[in-house]
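Visitor: I am new to this structure and should be grateful for a close look at a single part of it. Please take me through the enclosed space inside the protein and whatever may be found there.

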Amino acid sequence: MIDLEAGSAAATASGLEDMTALKAAAEAVEAVEAPNDVPSHRSHDPAKSLKRSDPFQFGSRYLEAGDDVFEFNAWDHVETDDAYKLYTEEQLEKQRQSPVSDFDKSRFNTNPAMWWNKFYKNNTSNFFKDRKWLQQEFPILADITKEDSGPKLILEVGAGAGNTAFPVLANNKNPHLKIHACDFSKTAVEVMRKSEAYDTNHIQADVWDVSGESLPPDVEEGTVDVAIMIFVFSALSPREWAQAVRNIYKVLKPGGLVCFRDYGRGDLAQVRFRKGRYLEENFYIRGDGTRVYFFDRDELASIWSGPDATDNSEEADEPRFTIEKLGVDRRLLVNRAEKIKMYRCWLQGRFRKE
Ligand SMILES: C[S@@+](CC[C@H](N)C(=O)[O-])C[C@H]1O[C@@H](n2cnc3c(N)ncnc32)[C@H](O)[C@@H]1O
(Lines give C-alpha, C1' and ligand atoms only; values in the text may rest on other atoms or scores of the structure.)
Protein backbone atom coordinates (compact mmCIF):
# COMPACT_ATOMS: atom_id res chain seq x y z
CA MET A 1 0.00 0.00 0.00
CA ILE A 2 1.15 3.52 -0.55
CA ASP A 3 0.65 6.58 1.52
CA LEU A 4 0.04 9.50 -0.72
CA GLU A 5 -0.21 11.80 2.23
CA ALA A 6 2.82 12.74 4.24
CA GLY A 7 4.47 13.71 1.15
CA SER A 8 3.75 10.73 -0.86
CA ALA A 9 1.06 10.97 -3.42
CA ALA A 10 -2.16 10.24 -1.43
CA ALA A 11 -3.50 6.80 -1.35
CA THR A 12 -6.65 8.56 -1.11
CA ALA A 13 -6.64 10.45 -4.33
CA SER A 14 -9.98 9.62 -5.75
CA GLY A 15 -10.53 6.37 -4.05
CA LEU A 16 -9.61 2.89 -4.92
CA GLU A 17 -10.27 3.27 -8.62
CA ASP A 18 -7.26 5.52 -8.91
CA MET A 19 -5.00 3.46 -6.77
CA THR A 20 -3.24 1.57 -9.51
CA ALA A 21 -2.26 4.62 -11.49
CA LEU A 22 -1.24 6.48 -8.40
CA LYS A 23 0.67 3.53 -7.03
CA ALA A 24 2.82 3.40 -10.12
CA ALA A 25 3.48 7.08 -9.88
CA ALA A 26 4.05 7.10 -6.18
CA GLU A 27 6.39 4.16 -6.21
CA ALA A 28 8.54 6.06 -8.64
CA VAL A 29 8.91 8.86 -6.17
CA GLU A 30 10.27 7.61 -2.91
CA ALA A 31 11.27 11.18 -2.24
CA VAL A 32 7.76 12.07 -1.25
CA GLU A 33 7.76 9.57 1.57
CA ALA A 34 10.27 11.63 3.42
CA PRO A 35 9.64 15.30 2.98
CA ASN A 36 12.39 17.80 3.08
CA ASP A 37 15.17 17.55 5.58
CA VAL A 38 14.71 21.27 5.63
CA PRO A 39 11.05 22.21 5.44
CA SER A 40 10.10 23.56 2.07
CA HIS A 41 9.03 26.92 3.29
CA ARG A 42 12.24 27.34 5.24
CA SER A 43 14.55 26.27 2.48
CA HIS A 44 13.20 28.13 -0.47
CA ASP A 45 16.50 29.11 -1.96
CA PRO A 46 16.91 28.21 -5.63
CA ALA A 47 20.60 29.11 -5.37
CA LYS A 48 20.96 25.86 -3.45
CA SER A 49 19.40 23.65 -6.06
CA LEU A 50 20.81 20.14 -5.80
CA LYS A 51 20.03 18.33 -9.02
CA ARG A 52 21.95 15.27 -8.02
CA SER A 53 23.62 14.64 -4.71
CA ASP A 54 24.69 11.72 -2.62
CA PRO A 55 23.00 11.30 -0.24
CA PHE A 56 20.03 13.03 -1.81
CA GLN A 57 18.77 16.11 0.03
CA PHE A 58 15.01 16.28 -0.01
CA GLY A 59 13.51 19.68 -0.65
CA SER A 60 16.47 20.95 -2.61
CA ARG A 61 15.85 20.05 -6.23
CA TYR A 62 14.65 23.09 -8.13
CA LEU A 63 13.36 22.98 -11.66
CA GLU A 64 15.07 25.71 -13.67
CA ALA A 65 14.98 26.93 -17.26
CA GLY A 66 16.78 24.42 -19.44
CA ASP A 67 16.21 21.45 -17.14
CA ASP A 68 14.65 18.31 -18.55
CA VAL A 69 11.67 17.82 -16.25
CA PHE A 70 11.68 14.08 -16.99
CA GLU A 71 15.30 13.62 -15.92
CA PHE A 72 14.30 13.11 -12.27
CA ASN A 73 11.18 11.79 -10.60
CA ALA A 74 10.51 14.67 -8.22
CA TRP A 75 11.12 18.43 -8.08
CA ASP A 76 10.55 20.75 -5.15
CA HIS A 77 8.70 24.06 -4.82
CA VAL A 78 7.24 23.89 -8.31
CA GLU A 79 4.31 26.18 -9.09
CA THR A 80 1.68 24.69 -11.35
CA ASP A 81 1.83 25.83 -14.97
CA ASP A 82 -1.07 27.48 -16.84
CA ALA A 83 -2.03 24.28 -18.63
CA TYR A 84 -2.35 22.45 -15.34
CA LYS A 85 -4.34 25.32 -13.80
CA LEU A 86 -6.78 25.12 -16.67
CA TYR A 87 -6.98 21.34 -16.40
CA THR A 88 -7.65 21.72 -12.67
CA GLU A 89 -10.50 24.17 -13.23
CA GLU A 90 -12.06 21.84 -15.80
CA GLN A 91 -11.78 18.88 -13.46
CA LEU A 92 -13.31 20.77 -10.53
CA GLU A 93 -16.19 21.89 -12.68
CA LYS A 94 -16.83 18.31 -13.80
CA GLN A 95 -16.80 17.19 -10.16
CA ARG A 96 -19.38 19.84 -9.21
CA GLN A 97 -21.64 18.63 -12.01
CA SER A 98 -21.76 15.12 -10.50
CA PRO A 99 -22.05 15.47 -6.73
CA VAL A 100 -22.64 12.70 -4.25
CA SER A 101 -26.37 11.97 -3.94
CA ASP A 102 -28.17 13.33 -0.87
CA PHE A 103 -28.74 9.76 0.30
CA ASP A 104 -25.02 9.00 0.15
CA LYS A 105 -24.08 12.34 1.70
CA SER A 106 -26.01 11.44 4.79
CA ARG A 107 -24.62 7.88 4.69
CA PHE A 108 -21.05 9.17 4.75
CA ASN A 109 -21.57 12.13 7.10
CA THR A 110 -23.67 10.41 9.75
CA ASN A 111 -21.02 8.11 11.20
CA PRO A 112 -17.63 8.91 9.68
CA ALA A 113 -15.79 6.86 12.34
CA MET A 114 -17.43 3.73 10.96
CA TRP A 115 -15.77 4.29 7.59
CA TRP A 116 -12.39 4.77 9.25
CA ASN A 117 -12.97 1.57 11.25
CA LYS A 118 -13.46 -0.26 7.98
CA PHE A 119 -10.36 1.43 6.61
CA TYR A 120 -8.19 0.21 9.51
CA LYS A 121 -9.71 -3.26 9.32
CA ASN A 122 -8.59 -3.44 5.71
CA ASN A 123 -5.27 -1.68 6.02
CA THR A 124 -4.03 -2.32 9.58
CA SER A 125 -0.85 -0.51 10.42
CA ASN A 126 1.09 -0.62 7.18
CA PHE A 127 -0.89 1.86 5.12
CA PHE A 128 0.67 5.12 6.23
CA LYS A 129 4.45 5.26 6.18
CA ASP A 130 6.13 6.04 9.47
CA ARG A 131 6.54 9.77 9.72
CA LYS A 132 10.22 9.76 10.64
CA TRP A 133 10.74 13.26 9.27
CA LEU A 134 8.60 14.93 11.93
CA GLN A 135 11.38 16.05 14.21
CA GLN A 136 13.07 17.84 11.33
CA GLU A 137 9.88 19.53 10.25
CA PHE A 138 8.76 20.43 13.78
CA PRO A 139 11.86 21.16 15.88
CA ILE A 140 9.76 21.39 19.05
CA LEU A 141 9.37 17.62 18.87
CA ALA A 142 13.14 17.25 18.95
CA ASP A 143 13.31 19.67 21.91
CA ILE A 144 10.74 18.00 24.13
CA THR A 145 12.14 14.53 23.52
CA LYS A 146 15.58 15.52 24.86
CA GLU A 147 16.68 13.81 28.05
CA ASP A 148 16.45 16.85 30.30
CA SER A 149 13.26 18.45 28.93
CA GLY A 150 11.19 17.58 31.97
CA PRO A 151 7.52 16.53 32.03
CA LYS A 152 5.94 17.09 28.61
CA LEU A 153 2.60 16.00 27.22
CA ILE A 154 1.93 15.50 23.53
CA LEU A 155 -1.63 15.02 22.30
CA GLU A 156 -1.80 13.44 18.88
CA VAL A 157 -5.17 13.94 17.24
CA GLY A 158 -6.30 11.44 14.62
CA ALA A 159 -3.28 9.29 15.42
CA GLY A 160 -4.43 6.44 13.18
CA ALA A 161 -2.20 3.41 13.43
CA GLY A 162 0.49 5.35 15.29
CA ASN A 163 2.73 6.17 12.36
CA THR A 164 3.52 9.52 13.93
CA ALA A 165 3.41 8.67 17.63
CA PHE A 166 5.66 5.60 17.45
CA PRO A 167 8.50 7.27 15.51
CA VAL A 168 8.40 10.18 18.01
CA LEU A 169 8.59 7.65 20.81
CA ALA A 170 11.42 5.77 19.10
CA ASN A 171 13.53 8.94 19.16
CA ASN A 172 12.55 9.91 22.68
CA LYS A 173 15.20 10.32 25.40
CA ASN A 174 12.93 12.17 27.84
CA PRO A 175 11.94 9.87 30.72
CA HIS A 176 9.05 12.23 31.51
CA LEU A 177 7.48 12.38 28.04
CA LYS A 178 3.89 11.21 27.65
CA ILE A 179 2.14 10.86 24.30
CA HIS A 180 -1.59 10.71 24.32
CA ALA A 181 -2.53 9.28 20.92
CA CYS A 182 -6.23 9.66 20.13
CA ASP A 183 -8.38 8.68 17.22
CA PHE A 184 -12.14 8.46 16.84
CA SER A 185 -11.75 5.08 15.13
CA LYS A 186 -11.78 2.33 17.75
CA THR A 187 -10.12 0.00 15.26
CA ALA A 188 -7.21 2.42 14.85
CA VAL A 189 -6.86 2.60 18.63
CA GLU A 190 -6.82 -1.21 18.82
CA VAL A 191 -4.08 -1.29 16.18
CA MET A 192 -1.98 1.14 18.24
CA ARG A 193 -2.55 -0.75 21.47
CA LYS A 194 -1.47 -4.02 19.87
CA SER A 195 1.74 -2.59 18.47
CA GLU A 196 5.05 -3.87 19.83
CA ALA A 197 6.06 -0.26 20.26
CA TYR A 198 3.11 0.46 22.57
CA ASP A 199 5.00 1.25 25.76
CA THR A 200 2.50 2.25 28.42
CA ASN A 201 5.16 4.16 30.33
CA HIS A 202 5.09 6.74 27.57
CA ILE A 203 2.04 6.32 25.38
CA GLN A 204 -1.70 5.99 25.93
CA ALA A 205 -4.04 5.43 22.99
CA ASP A 206 -7.71 6.31 23.36
CA VAL A 207 -10.84 6.78 21.34
CA TRP A 208 -11.66 10.49 21.06
CA ASP A 209 -13.56 12.58 18.55
CA VAL A 210 -11.84 15.95 18.18
CA SER A 211 -15.09 17.50 16.98
CA GLY A 212 -17.12 16.22 19.95
CA GLU A 213 -18.19 17.91 23.16
CA SER A 214 -15.76 16.23 25.57
CA LEU A 215 -12.00 16.32 26.14
CA PRO A 216 -9.87 13.20 25.60
CA PRO A 217 -9.97 10.63 28.43
CA ASP A 218 -7.39 11.43 31.16
CA VAL A 219 -6.41 14.73 29.57
CA GLU A 220 -7.11 17.79 31.73
CA GLU A 221 -7.83 21.22 30.40
CA GLY A 222 -4.69 23.34 29.89
CA THR A 223 -2.17 20.50 30.27
CA VAL A 224 -0.94 19.70 26.75
CA ASP A 225 2.39 21.10 25.53
CA VAL A 226 2.11 20.08 21.87
CA ALA A 227 -0.85 18.93 19.78
CA ILE A 228 0.06 17.05 16.61
CA MET A 229 -2.45 17.10 13.75
CA ILE A 230 -1.19 15.28 10.69
CA PHE A 231 -3.78 14.78 7.94
CA VAL A 232 -6.68 14.75 10.38
CA PHE A 233 -8.24 18.21 10.01
CA SER A 234 -8.99 17.38 6.37
CA ALA A 235 -11.10 14.44 7.54
CA LEU A 236 -13.54 16.78 9.28
CA SER A 237 -16.51 18.42 7.66
CA PRO A 238 -16.35 22.24 7.57
CA ARG A 239 -19.14 22.27 10.19
CA GLU A 240 -16.79 20.47 12.61
CA TRP A 241 -13.77 22.76 12.33
CA ALA A 242 -14.80 25.31 14.97
CA GLN A 243 -15.48 22.73 17.69
CA ALA A 244 -12.23 20.92 16.90
CA VAL A 245 -10.26 24.17 17.23
CA ARG A 246 -12.08 24.93 20.51
CA ASN A 247 -11.16 21.51 21.90
CA ILE A 248 -7.51 21.85 20.95
CA TYR A 249 -7.43 25.34 22.47
CA LYS A 250 -8.91 24.00 25.70
CA VAL A 251 -6.46 21.15 26.21
CA LEU A 252 -3.32 23.17 25.39
CA LYS A 253 -1.34 25.04 28.01
CA PRO A 254 -1.09 28.79 27.41
CA GLY A 255 1.64 29.10 24.79
CA GLY A 256 1.11 25.46 23.72
CA LEU A 257 1.75 24.59 20.10
CA VAL A 258 -0.14 22.82 17.30
CA CYS A 259 2.03 21.05 14.70
CA PHE A 260 -0.05 20.79 11.57
CA ARG A 261 0.25 19.19 8.13
CA ASP A 262 -2.56 18.55 5.67
CA TYR A 263 -3.76 18.69 2.09
CA GLY A 264 -3.50 21.89 0.07
CA ARG A 265 -5.98 23.14 -2.49
CA GLY A 266 -5.33 21.86 -5.99
CA ASP A 267 -3.34 18.85 -4.85
CA LEU A 268 -3.27 15.97 -7.30
CA ALA A 269 -5.48 13.98 -4.94
CA GLN A 270 -8.19 16.64 -5.33
CA VAL A 271 -7.87 17.11 -9.04
CA ARG A 272 -8.11 13.39 -9.73
CA PHE A 273 -11.48 12.86 -8.10
CA ARG A 274 -13.98 11.64 -10.62
CA LYS A 275 -17.77 11.70 -10.81
CA GLY A 276 -19.85 11.08 -7.72
CA ARG A 277 -17.19 12.03 -5.16
CA TYR A 278 -17.96 15.73 -4.61
CA LEU A 279 -19.67 16.42 -1.27
CA GLU A 280 -19.29 20.20 -1.34
CA GLU A 281 -16.65 22.74 -2.41
CA ASN A 282 -13.21 21.17 -1.83
CA PHE A 283 -14.70 18.34 0.22
CA TYR A 284 -14.90 14.80 -1.19
CA ILE A 285 -15.67 11.23 -0.35
CA ARG A 286 -13.02 8.68 -1.21
CA GLY A 287 -13.74 5.26 -2.66
CA ASP A 288 -13.41 3.76 0.81
CA GLY A 289 -16.02 6.08 2.35
CA THR A 290 -13.59 8.38 4.19
CA ARG A 291 -13.88 12.14 3.71
CA VAL A 292 -11.20 14.63 2.69
CA TYR A 293 -11.03 18.42 2.45
CA PHE A 294 -8.40 20.48 0.60
CA PHE A 295 -7.42 23.73 2.31
CA ASP A 296 -6.45 27.09 1.00
CA ARG A 297 -3.63 28.66 3.02
CA ASP A 298 -5.49 31.85 4.02
CA GLU A 299 -8.65 29.92 4.83
CA LEU A 300 -6.70 27.67 7.17
CA ALA A 301 -4.95 30.63 8.79
CA SER A 302 -8.28 32.29 9.49
CA ILE A 303 -9.85 29.11 10.91
CA TRP A 304 -7.05 28.89 13.47
CA SER A 305 -6.39 32.55 14.16
CA GLY A 306 -10.01 33.19 15.14
CA PRO A 307 -11.98 36.40 14.79
CA ASP A 308 -10.27 39.75 14.58
CA ALA A 309 -9.14 40.89 18.05
CA THR A 310 -10.91 44.22 17.55
CA ASP A 311 -14.17 42.40 16.93
CA ASN A 312 -16.62 43.04 19.78
CA SER A 313 -19.17 40.50 18.66
CA GLU A 314 -19.97 37.28 20.53
CA GLU A 315 -17.35 35.55 18.45
CA ALA A 316 -14.67 37.53 20.24
CA ASP A 317 -14.69 34.79 22.89
CA GLU A 318 -13.58 32.22 20.34
CA PRO A 319 -10.16 30.60 20.70
CA ARG A 320 -7.23 32.40 19.17
CA PHE A 321 -3.99 30.99 17.88
CA THR A 322 -1.02 32.88 16.55
CA ILE A 323 -0.05 31.49 13.18
CA GLU A 324 3.68 31.18 13.69
CA LYS A 325 4.29 29.59 10.36
CA LEU A 326 2.10 28.27 7.60
CA GLY A 327 3.80 27.23 4.41
CA VAL A 328 2.67 25.73 1.16
CA ASP A 329 4.75 22.70 0.32
CA ARG A 330 4.60 21.99 -3.39
CA ARG A 331 6.19 19.13 -5.23
CA LEU A 332 6.12 18.04 -8.83
CA LEU A 333 6.15 14.28 -9.22
CA VAL A 334 7.09 12.85 -12.56
CA ASN A 335 6.23 9.47 -13.94
CA ARG A 336 9.16 9.26 -16.30
CA ALA A 337 8.02 6.11 -18.07
CA GLU A 338 4.63 7.56 -18.97
CA LYS A 339 5.77 11.20 -19.14
CA ILE A 340 3.09 12.31 -16.70
CA LYS A 341 3.47 15.33 -14.41
CA MET A 342 1.64 15.38 -11.09
CA TYR A 343 1.49 18.32 -8.75
CA ARG A 344 1.27 17.71 -5.04
CA CYS A 345 0.42 20.42 -2.54
CA TRP A 346 0.42 20.30 1.26
CA LEU A 347 0.07 22.91 3.96
CA GLN A 348 2.29 22.80 6.97
CA GLY A 349 2.35 25.06 9.96
CA ARG A 350 2.62 25.81 13.63
CA PHE A 351 -0.15 27.53 15.57
CA ARG A 352 0.44 28.81 19.12
CA LYS A 353 -2.26 29.23 21.74
CA GLU A 354 -2.38 32.90 22.77
C1 LIG B 1 -5.52 10.37 6.95
S2 LIG B 1 -5.55 9.58 8.50
C3 LIG B 1 -4.06 10.16 9.23
C4 LIG B 1 -3.57 9.28 10.33
C5 LIG B 1 -2.33 9.77 11.07
N6 LIG B 1 -2.45 11.13 11.55
C7 LIG B 1 -1.13 9.65 10.19
O8 LIG B 1 -0.66 10.69 9.71
O9 LIG B 1 -0.66 8.54 9.96
C10 LIG B 1 -6.81 10.50 9.34
C11 LIG B 1 -7.09 9.98 10.73
O12 LIG B 1 -7.95 10.88 11.40
C13 LIG B 1 -8.91 10.13 12.13
N14 LIG B 1 -10.07 11.02 12.34
C15 LIG B 1 -10.92 11.47 11.40
N16 LIG B 1 -11.86 12.26 11.96
C17 LIG B 1 -11.57 12.32 13.29
C18 LIG B 1 -12.18 12.95 14.40
N19 LIG B 1 -13.29 13.69 14.26
N20 LIG B 1 -11.62 12.80 15.63
C21 LIG B 1 -10.51 12.03 15.77
N22 LIG B 1 -9.90 11.38 14.77
C23 LIG B 1 -10.42 11.52 13.53
C24 LIG B 1 -9.19 8.92 11.26
O25 LIG B 1 -9.72 7.84 11.96
C26 LIG B 1 -7.79 8.63 10.72
O27 LIG B 1 -7.11 7.76 11.58
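Guide: Sorted by class, the residues that line the largest cavity comprise 15 nonpolar, four polar and six charged ones. The model examined here is a predicted one. The lining of the largest cavity numbers 25 residues in total, and those lying nearest its centre are G158, G160, D183, F231 and V232. Three elements each give two or more residues to this lining: the helix α4, which spans 112–123, and the strands β2, at 152–157, and β3, at 177–183. The volume of the largest cavity is about 330 Å³. In the whole model, the count of cavities of 30 Å³ or more comes to three.

The next point is what occupies this space. The largest cavity is the space taken by the ligand. Around the ligand there are 22 residues, and Y120, R131, G158, D183 and I230 come nearest to it. By class, this shell consists of twelve nonpolar, five polar and five charged residues. G158 and D183 thus appear twice, being listed among the residues nearest the centre of the cavity and also among those that come nearest to the ligand.

Individual polar contacts can now be considered. D183 uses its side chain: an N or O atom there lies 2.6 Å from an oxygen atom of the ligand. Two further contacts involve the backbone of the protein. A polar backbone atom of I230 is 2.8 Å from a nitrogen atom of the ligand, and a polar backbone atom of V210 lies 3.0 Å from a nitrogen atom of the ligand. On its own, the ligand has 590 Å² of accessible area, and the protein covers 99% of this.

For completeness, there is also an open space to set beside the enclosed one. The largest pocket has a volume of about 300 Å³. It is lined by 21 residues, with T80, R265, G266, R330 and C345 the closest to its centre. At least two residues of this lining come from each of α2 (82–97), β10 (321–335) and β11 (340–353). Among the contributors, α2 gives the most, with five residues. The lining of the largest pocket divides into eight nonpolar, four polar and nine charged residues, whereas that of the largest cavity has 15 nonpolar, four polar and six charged.

A last detail concerns the loop that leads from α6 (139–144) to β2, where S149 is located. The strand β2 is one of the elements already named for the lining of the largest cavity. A polar atom of the S149 side chain lies 2.6 Å from the backbone oxygen of D143. The side chain of S149 also reaches the backbone oxygen of K146, at 2.9 Å.

Note on methods. Residues numbered from 1 in each chain as written. Predicted model: local features only at pLDDT ≥ 70, side-chain atom pairs only at ≥ 80, totals over all residues. Heavy atoms only, no water. 1 Å grid on protein atoms, 1.4 Å probe; cavity = no way out; pocket = protein on both sides within 12 Å on 5 of 7 lines; lining within 4 Å. Points joined across faces, edges and corners; volume = space filled by probe spheres on them. Helix = DSSP H or I, 4+ residues; strand = E, 2+ residues; numbered from the N terminus. Nonpolar A, V, L, I, M, F, W, Y, C, P; charged D, E, K, R; others polar. Near = heavy atom within 4 Å. Polar contact = N/O pair within 3.5 Å; in protein donor to acceptor, adjacent residues only side chain to side chain. Areas by Shrake-Rupley, 256 points an atom, 1.4 Å probe, with all protein chains shown as cover. Sits in = over half its atoms within 2 Å of the grid points.
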